[in-house]
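The exercises below ask you to read a protein chain from its overall make-up down to single residues. Work through each task with the structure open, and then compare your reasoning with the solution that follows.

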Amino acid sequence: MASNTLSSPNSRWTTKQNKLFENALAIYDEETTDRWHKIAMFVGGTNEVEVKRRYEMLLEDIKDIESGKVPLPAYKRNAGCSRVNISNAEQRMRDLKLN
């Protein structure tokens, strides 16, 4: 997923905003009061509607990847890395999907 592909024509998100969005999702879970407002304030330059829409689009992307509609890229291993640990990433995706 490219850094700006989840944006509507009227709303372009920067790489920094995307990272802040990801971090905010980890900080403000589904039990958080005013979750979307808090995430929008954390990200900056956006609002609750845009943040919630971006989250819905993220879930759709995950669904497409898990269903095989979008192939995973062939990542190269780092020279010092003997094994790739994807279990943590997979768990985070499952957690996102449940929200």
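A residue counts as buried when its relative accessible area is under 20%, and as exposed when that area is over 50%. Please keep in mind throughout that this is a predicted model.

**Exercise 1. Describe the chain as a whole: its secondary structure, its burial and its surface.**

Solution. Begin with the elements: the chain has four helices and zero strands, and from the N terminus on they run α-α-α-α. Next, apply the burial cut-off, by which 22% of the 99 residues count as buried. Then turn to the surface, where the accessible area comes to about 7,400 Å², with 52% of it belonging to carbon and sulfur atoms. Finally, consider the contacts with a separation of 6 or more, of which 49% are accounted for by residues 24 or more positions apart.

**Exercise 2. Determine how the axes of α1 and α3 are arranged, and which residues make the contact.**

Solution. Two packed helices are described by the angle between their axes and the distance between the axes. For α1 (residues 15-27) and α3, the axes come within 12 Å and cross at roughly 85 degrees. Because angles of 65 to 115 degrees count as roughly perpendicular, α1 is roughly perpendicular to α3. The contact itself is made by Asn-18, Phe-21 and Leu-25 on the side of α1, and by Val-51, Arg-54, Tyr-55 and Leu-58 on the side of α3. Sorted by class, these are five nonpolar residues, one polar and one charged.

**Exercise 3. Place Thr-46 in the chain, decide whether Thr-46 is buried or exposed, and list its partners.**

Solution. Thr-46 is found in the loop between α2 (35-43) and α3 (48-66). Its relative accessibility is 13%, so Thr-46 counts as buried. When neighbours within four places in sequence are left aside, Thr-46 is in contact with Trp-13, Ala-40 and Val-51. Trp-13 is 33 residues away along the chain, and yet the C-alpha atoms of Thr-46 and Trp-13 are separated by 8.8 Å. As a last step, look at the side chain of Thr-46, which makes a polar contact of 2.6 Å with the side chain of Glu-50.

**Exercise 4. Examine the backbone and the accessibility of Asp-34.**

Solution. Asp-34 lies in the loop between α1 and α2. Although Asp-34 is not a glycine, its phi is positive, at about 55 degrees. The relative accessible area of Asp-34 is 52%, and therefore Asp-34 is exposed.

Note on methods. Residues numbered from 1 in each chain as written. Predicted model: local features only at pLDDT ≥ 70, side-chain atom pairs only at ≥ 80, totals over all residues. Heavy atoms only, no water. Helix = DSSP H or I, 4+ residues; strand = E, 2+ residues; numbered from the N terminus. Buried < 20%, exposed > 50% of the residue type's maximum accessible area, 1.4 Å probe, protein only. Contact = heavy atoms within 4.5 Å. Polar contact = N/O pair within 3.5 Å; in protein donor to acceptor, adjacent residues only side chain to side chain. Axes fitted to C-alpha atoms, helices over the stretch in contact; angles between N-to-C directions. Parallel < 35°, antiparallel > 145°, perpendicular 65-115°, else oblique. Nonpolar A, V, L, I, M, F, W, Y, C, P; charged D, E, K, R; others polar. Areas by Shrake-Rupley, 256 points an atom, 1.4 Å probe, with all protein chains shown as cover.
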